[in-house]
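Hi everyone, thanks for coming. I'd like to walk you through one structure today, so please have a look at the screen while I talk.

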Amino acid sequence: MITNPFVDYVFINTVYLKTFTIPLIHMTLPLYSAPMNYLSNYLYRHILLNWGADYAFSELIRMDRVEQEIKNHKLKYFPEDLSRTIFQVGVSSKKEVSDAVALIKKQQPREININMGCPHSTMQKKKLCGGILLDKDLM
């Protein structure tokens, strides 16, 4: 491991938090649990949030098949986790952005994340998430 005089790791509840110390400034960054499809369900997020994560992302909720995503419980959460759950949506149009916000806003989440970075080939073919960045008409 490369050592840096300004970076330290603090062990809290089985989780290492990265802390930065710049002369006269000390800060601890929040720990975000990354989204993982088929794994980041509400039970997994609940465990992570109870074991030290500050925030947890939901699985990707694809707006092109939102009814199926709801049946798969991707909008499910424990009430005590809502303020630290970030709902992640995949969209392919401006209308889907509006639909996603309207649907998820009912849950009163802390945050809605519009995924624009997924480089997976499926997303490129379906022009979802990061795949829309390759289409000038959708941008």
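Before anything else, a word on what I mean by a strand: a strand here is a DSSP run of E with at least two residues, and strands are numbered from the N terminus. With that in hand, our first residue is easy to place: I61 lies in strand 5. And please keep in mind that what you see is a predicted model.

Let's get the sheet in view. It is an open sheet of four strands, in the order 4-5-6-7, and the pairing is parallel. At the edges sit strand 4, residues 32–33, and strand 7, residues 111–114, each of which pairs on one side only.

Now let's go across the sheet, pair by pair. Strand 4 pairs with strand 5, residues 55–62, in the parallel sense and over two bridges. You can find that pairing by looking for Y32, whose bridge partner in strand 5 is Y55. Next to look for is S33, which stands opposite A56 in strand 5. Moving on, strand 5 and strand 6 run parallel and are joined by five bridges. A handy marker there is L60, with Q88 as its bridge partner in strand 6. Finally, strand 6 and strand 7 pair in the parallel sense over four bridges, and V89 stands opposite I114 in strand 7.

How does the chain get from strand to strand? From strand 6 it crosses through helix 3, residues 94–105, to strand 7, and this β-α-β crossover is right-handed. Strand 4, helix 1 and strand 5 also form a right-handed β-α-β unit. Strand 5, helix 2 and strand 6 make a right-handed β-α-β unit too.

Let's stay with the helices for a moment. Helix 1, residues 42–50, lies across strand 4, strand 5 and strand 6, and runs at about 165 degrees to strand 5. Which residues of helix 1 are buried? They are Y42, R45, H46 and L49. These residues cover an arc of only 105 degrees around the axis, which puts them on the same side of helix 1. The cover over them includes strand 5 and strand 6.

Over to helix 3. With 12 residues, helix 3 reaches 16 Å from its first C-alpha to its last, close to the 16 Å expected at 1.5 Å a residue. Its buried residues are E96, A100, L103 and I104. Looking down the axis of helix 3, you'd see these fall within an arc of 85 degrees, so they line one face of the helix. On the face turned away from that buried side you'll find the exposed residues K94, K95 and K105. As for what covers the buried residues of helix 3, the list includes strand 5, helix 2 (66–71), strand 6 and strand 7.

Strand 5 has come up several times, so here is a closer look. How many of its eight residues are buried? Eight of eight, so strand 5 is mostly covered.

Let's take two residues from that strand. I61 has 1% relative accessibility, and because buried means under 20%, I61 counts as buried. Leaving out residues up to four places away in sequence, I61 touches V66, E69, K74, L75, F87, Q88, V89, G90 and I104. Its C-alpha is separated by 9.4 Å from that of N37, 24 residues apart along the chain.

The other one is S58, also placed in strand 5. At 0% relative accessibility, S58 counts as buried. With residues up to four places away in sequence again set aside, S58 touches P35, S40, R45, K74, I86, F87 and Q88. N41 is 17 residues apart from S58 along the chain, and their C-alpha atoms are separated by 6.5 Å.

Last stop: N113, in strand 7. Is N113 buried or partly exposed? N113 is partly exposed, with a relative accessible area of 23%. Leaving aside neighbours within four places in sequence, N113 is in contact with F57, I86, F87, Q88 and V89. And to tie N113 back to S58: the two are 55 residues apart along the chain, with their C-alpha atoms separated by 9.5 Å.

That's my tour. Thanks for listening!

How values were computed
Residues are numbered from 1 along each chain as its sequence is written. This is a predicted model: local features need pLDDT of at least 70, side-chain atom pairs count only at pLDDT 80 or more; totals for chains, interfaces and linings use all residues. Side-chain values use heavy atoms; hydrogens and water are left out. Two strands pair if DSSP finds at least two bridges between them. Contact means heavy atoms within 4.5 Å. Axes are lines fitted to C-alpha atoms, for helices over the stretch in contact, and angles run from 0 to 180 degrees between N-to-C directions. A crossover is right-handed if, with the strands pointing away from the viewer, the path from the first strand over the helix to the second runs clockwise. The expected span of a helix is 1.5 Å times one less than its number of residues. Buried means under 20% relative accessible area, exposed over 50%, partly exposed in between (1.4 Å probe, protein chains only). The arc is that of the directions from the helix axis to the C-beta atoms.
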